[in-house]
Amino acid sequence: SNDGTTKLLIRMASDGLEVETVIIPWYDREKPRSTLCVSSQVGCAQGCTFCATGRMGRLRSLTSDEILAQVWYARKVCRVLDIPSVDNIVFMGMGEPADNAEEVVVAAEALADRQRYELAQSRITISTVAPNPEAFATLGKAPAALAWSVHASQDELRKKLVPTTKYSMEELRLGFVEALKARSKKLRTTMLEIALIDGVNDGMEEADHLAEFALKICEDVPGAKVVVNLIPYNSIDHPTYRKPTEEAVAAFQKRLMEKNVMVYVRTTRGDDESAACGQLATKKKRRKQSEGGV
């Protein structure tokens, strides 16, 4: 990508299926470093309407070794291409971590192990759309920060964006609160992620409802730090979805800040090579094992 973002296509040796993992370098930091966005499944069953992976359906889950192989290859690519080393891992690539929780937790444990990948727990983030309230507690066993792909805090609107939703946002919020309460205080810092779409969920009504929703989590969890992460929609050729204007994003952010909600806008990276948030997808066809892979 023009901004230095590097997308890797990883082929599985067992069946030839492929996943994408993305290296996002940050050259503007005092010490340049990279974030790695890893996949936990080939495809995804959650069907988020703004996400290319959701169009694939779920082909299969990855093993913990296949997840960690993405990190191994990414580190090698960073060395060879002189890209800043990876010191931050986010489970925000292809797949829903809660639908592959056991392998994701094992992979996170390896990443945080001082004898293996040596990453700080705060440098590993697992993001879930939360198929059910129990998903948070299951993923909360991992030595990593939790993030919730909320996208809308109102039930009807969220159902439009995440059509597989079976629980109310209040039911999911209570599950989230209980999971955070069970965590150490240093792992009670969490993100609520919102894919902002023009004319869909980027209005002041949605901002006000989200602010109340976020503050309620803070009130219910002692020591919790909740940060809203706004992600301007990245095009996947949806017939009606559009990226919001910069003015709309700024107004949404300002409204949350006025209500004392911590919020920042995620910098769009790699969208010119379909490597940005929501744009990851691979071909469904299985390749011959002889072609090689992880």
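Q: How many helices and how many strands are there in the chain?
A: Keep in mind that this is a predicted model. Going from one end of the chain to the other, you'd tick off both kinds of element. The tally for the chain is eight helices and eleven strands.

Q: What radius of gyration does the chain have, and what would a compact globule with 294 residues have?
A: Start with the expectation: a compact globule with 294 residues would come out near 19 Å. The chain's own value agrees with that. For a feel of the outline, its C-alpha atoms fill a box of roughly 55 × 45 × 40 Å along the principal axes. So the pair of values is 18 Å for the chain and near 19 Å for the globule.

Q: What percentage of the 294 residues in the chain is buried?
A: A residue counts as buried when its relative accessible area is under 20%. On the outside, the chain exposes about 13,500 Å², with carbon and sulfur atoms supplying 48% of that. Apply the buried cut-off to the 294 residues, and the share is 55%.

Q: What share of the contacts with a separation of 6 or more is between residues 24 or more positions apart?
A: Here you take the contacts in the chain with a separation of 6 or more and pick out the pairs 24 or more positions apart. One contact of Asp 202 shows the idea: Ala 248 touches Asp 202, although the two are 46 residues apart along the chain. For the chain, the share is 69%.

Q: Is Asp 82 buried or exposed?
A: Asp 82 sits in the loop between α2 (64–81) and β6 (86–91). Its phi is near 60 degrees, which is positive even though the residue isn't a glycine. Exposed takes a relative accessible area over 50%. Asp 82 has 67%, so it counts as exposed.

Q: Is Ala 130 buried or exposed?
A: Ala 130 also has a positive phi without being a glycine, at about 70 degrees. Its place is the loop between β7 (124–128) and α4 (135–139), and it helps line the second largest cavity. Its relative accessibility is 5%, so Ala 130 counts as buried.

Q: What is the volume of the largest cavity?
A: There are two cavities of 30 Å³ or more. Residues lining the largest include His 151, Glu 206 and Phe 252, and by class its lining has five nonpolar, four polar and one charged residues. The volume of this largest cavity is about 50 Å³.

Q: What is the volume of the second largest cavity?
A: Among the residues lining this one are Gln 46, Arg 158 and Lys 166. Its lining splits into four nonpolar, three polar and two charged residues. The volume is about 30 Å³.

Q: How far apart are the C-alpha atoms of Asp 202 and Ala 248?
A: Asp 202 lies in the loop between β9 (189–196) and α7 (204–220). With 11% relative accessible area, it is buried. Beyond its neighbours within four places in sequence, its contacts are Leu 196, Ile 197, Pro 244, Ala 248 and Phe 252. The C-alpha separation from Ala 248 is 6.8 Å.

Q: Which residues does Met 204 touch, not counting those up to four places away in sequence?
A: Met 204 lies in helix α7 and, at 27% relative accessibility, counts as partly exposed. Its C-alpha is 16 Å from that of Pro 232, which is 28 residues away in sequence. The residues it touches are Ala 251, Phe 252 and Arg 255.

Notes. Residues are numbered from 1 along each chain as its sequence is written. This is a predicted model: local features need pLDDT of at least 70, side-chain atom pairs count only at pLDDT 80 or more; totals for chains, interfaces and linings use all residues. Side-chain values use heavy atoms; hydrogens and water are left out. On a 1 Å grid over the protein atoms alone, a cavity is a set of points where a 1.4 Å probe fits but cannot get out, and a pocket is an open set with protein on both sides within 12 Å along at least five of seven lines; lining residues have an atom within 4 Å of a point. Grid points are joined across faces, edges and corners, and a volume is the space filled by probe spheres set on the points. Ala, Val, Leu, Ile, Met, Phe, Trp, Tyr, Cys and Pro count as nonpolar, Asp, Glu, Lys and Arg as charged, and the others, Gly among them, as polar. Helices (H or I, at least four residues) and strands (E, at least two) are DSSP runs, numbered from the N terminus. The radius of gyration is taken over C-alpha atoms; the globule rule is 2.2 Å times the number of residues to the power 0.38. Buried means under 20% relative accessible area, exposed over 50%, partly exposed in between (1.4 Å probe, protein chains only). Contact means heavy atoms within 4.5 Å. Accessible areas come from the Shrake-Rupley method with a 1.4 Å probe; for residues, only the protein chains shown count as cover.
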